[in-house]
Amino acid sequence: MNAPNTLHESWHTALADQFGAPHMQGLKAFLEAEKAAGKRIFPKGSEYFRALNLTPLDDVKVVILGQDPYHGEGQAHGLCFSVRPDVRIPPSLVNIYKEMENDLGLPRARHGFLEHWARQGVLLLNSVLTVEMGRAASHQGKGWETFTDAVIRAVAAQSASTVFLLWGAYAQRKAAFVDQDRHLVLKSAHPSPLSAHNGFLGSRPFSQANAFLKAKGRGAIDWALPPVGETQRTLSI
């Protein structure tokens with residue numbers, strides 16, 4: 001698998017040994033075979049690396065880890081927990097918005113499009129970057145996990161202090177190697193309706209992340225999501 005042309009130079013350097021590695025070549029062959037068999041893969045190919053395209057390595061302030069993309073029609077677009085603007089907000093993201101409201105006093109957004117965060121340095125990274133339509137976790141164990149481990153290691157190796165928001169046991173295992181003396185690692189239950197009341201709601205991750213970033217001189221994240229269509233204008237002011 002070749003690195004996309006849109007990938008920022010900082011990621012090209014950090015992941016130089018990944019795209020030609022056997023696990024990525026095997027992954028490419030798997031995806032090509034799935035498409036040849038007529039299976040629909042989400043997100044579309046140009047968005048596999050959307051999280052990396054929007055958030056250069058040098059700009060990463062916060063890492064949020066998901067597991068695999070949404071597998072419903074029109075949902076996935078390369079950012080974990082995020083959906084396209086006209087798609088119903090998924091239950092886990094509804095709970096994320098509830099916690100933002102309780103933590104920061106922010107009104108809940110009417111859409112689930114999180115590019116505003118990504119463009120500020122929030123790396124919205126799934127562990128697995130593709131999925132077959134209607135089949136959750138169908139692309140696990142095909143090579144993506146090794147690649148995204150390398151992404152997390154690249155972020156963790158930076159000198160700049162970073163916040164890792166690890167929601168649920170899966171994310172906590174995947175980033176277990178992150179140096180907690182240098183970075184802020186905030187662990188809680190997953191925001192899924194099945195677990196949110198077991199420690200996610202009330203965990204105040206957003207205010208803690210901003211307090212840490214400001215203390216390190218990196219600047220807080222504006223977690224408030226503008227209406228769709230205003231994101232670019234808001235960030236350019």
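**Exercise 1. Work out which side chains Glu115 links to, and how buried the partners are.**

*Solution.* Start with the pair itself: Glu115 and Arg50 join their side chains in a salt bridge, with N to O at 2.8 Å. Next, place the two in this predicted model. Glu115 sits in helix α5 (residues 115–118) and Arg50 in helix α3 (residues 50–54), so the bridge ties together distant parts of the chain, 65 residues apart. Now check accessibility, where buried means under 20% relative accessible area. Glu115, at 8%, is buried, while Arg50, at 22%, counts as partly exposed.

**Exercise 2. Take the salt bridges Arg135–Glu132 and Lys39–Glu34: which partner in each is buried, and which is partly exposed?**

*Solution.* First, Arg135 and Glu132: their closest N and O atoms lie 2.9 Å apart. Arg135 has 44% relative accessibility and counts as partly exposed, whereas Glu132, with 12%, counts as buried. One more thing to pick up on the way: Arg50, Glu115 and Arg119 belong to one network, joined by salt bridges that share partners.

Then Lys39 and Glu34, whose side chains meet at 3.3 Å, N to O. Lys39 is partly exposed at 32%, and Glu34 is buried at 12%. To put these pairs in context, a search of the whole structure turns up nine salt bridges.

**Exercise 3. Lay out the sheet and say which strands stand at its edges.**

*Solution.* Begin with the order: the sheet is open, has four strands and reads β3-β2-β5-β6, with parallel pairing. Now look for strands with a single partner. Those are β3 (122–126) and β6 (184–188), so each has one side left without a neighbour in the sheet. From one strand to the next, the twist averages 20 degrees.

Zoom in on one pairing. β2 (residues 62–66) and β5 (residues 163–167) run in the parallel sense and share three bridges. Val63 has Phe164 of β5 as its bridge partner. Finally, add the helix: α6 (residues 144–156) packs on the sheet and touches β2, β3 and β5, its direction making about 155 degrees with that of β3.

**Exercise 4. Decide where the pLDDT is below 50, and how many contacts that stretch has.**

*Solution.* Get the overall picture: the chain's mean pLDDT is 94, and 97% of its residues reach 70 or more. Then find the exception: over residues 231–237 the pLDDT is below 50. Beyond near neighbours in sequence, residues 231–237 have eight contacts in the model.

Terms used:
Residues numbered from 1 in each chain as written. Predicted model: local features only at pLDDT ≥ 70, side-chain atom pairs only at ≥ 80, totals over all residues. Heavy atoms only, no water. Pairing = 2+ DSSP bridges. Helix = DSSP H or I, 4+ residues; strand = E, 2+ residues; numbered from the N terminus. Axes fitted to C-alpha atoms, helices over the stretch in contact; angles between N-to-C directions. Contact = heavy atoms within 4.5 Å. pLDDT = per-residue confidence, 0-100. Salt bridge = Lys/Arg side-chain N within 4 Å of Asp/Glu carboxyl O. Buried < 20%, exposed > 50% of the residue type's maximum accessible area, 1.4 Å probe, protein only.
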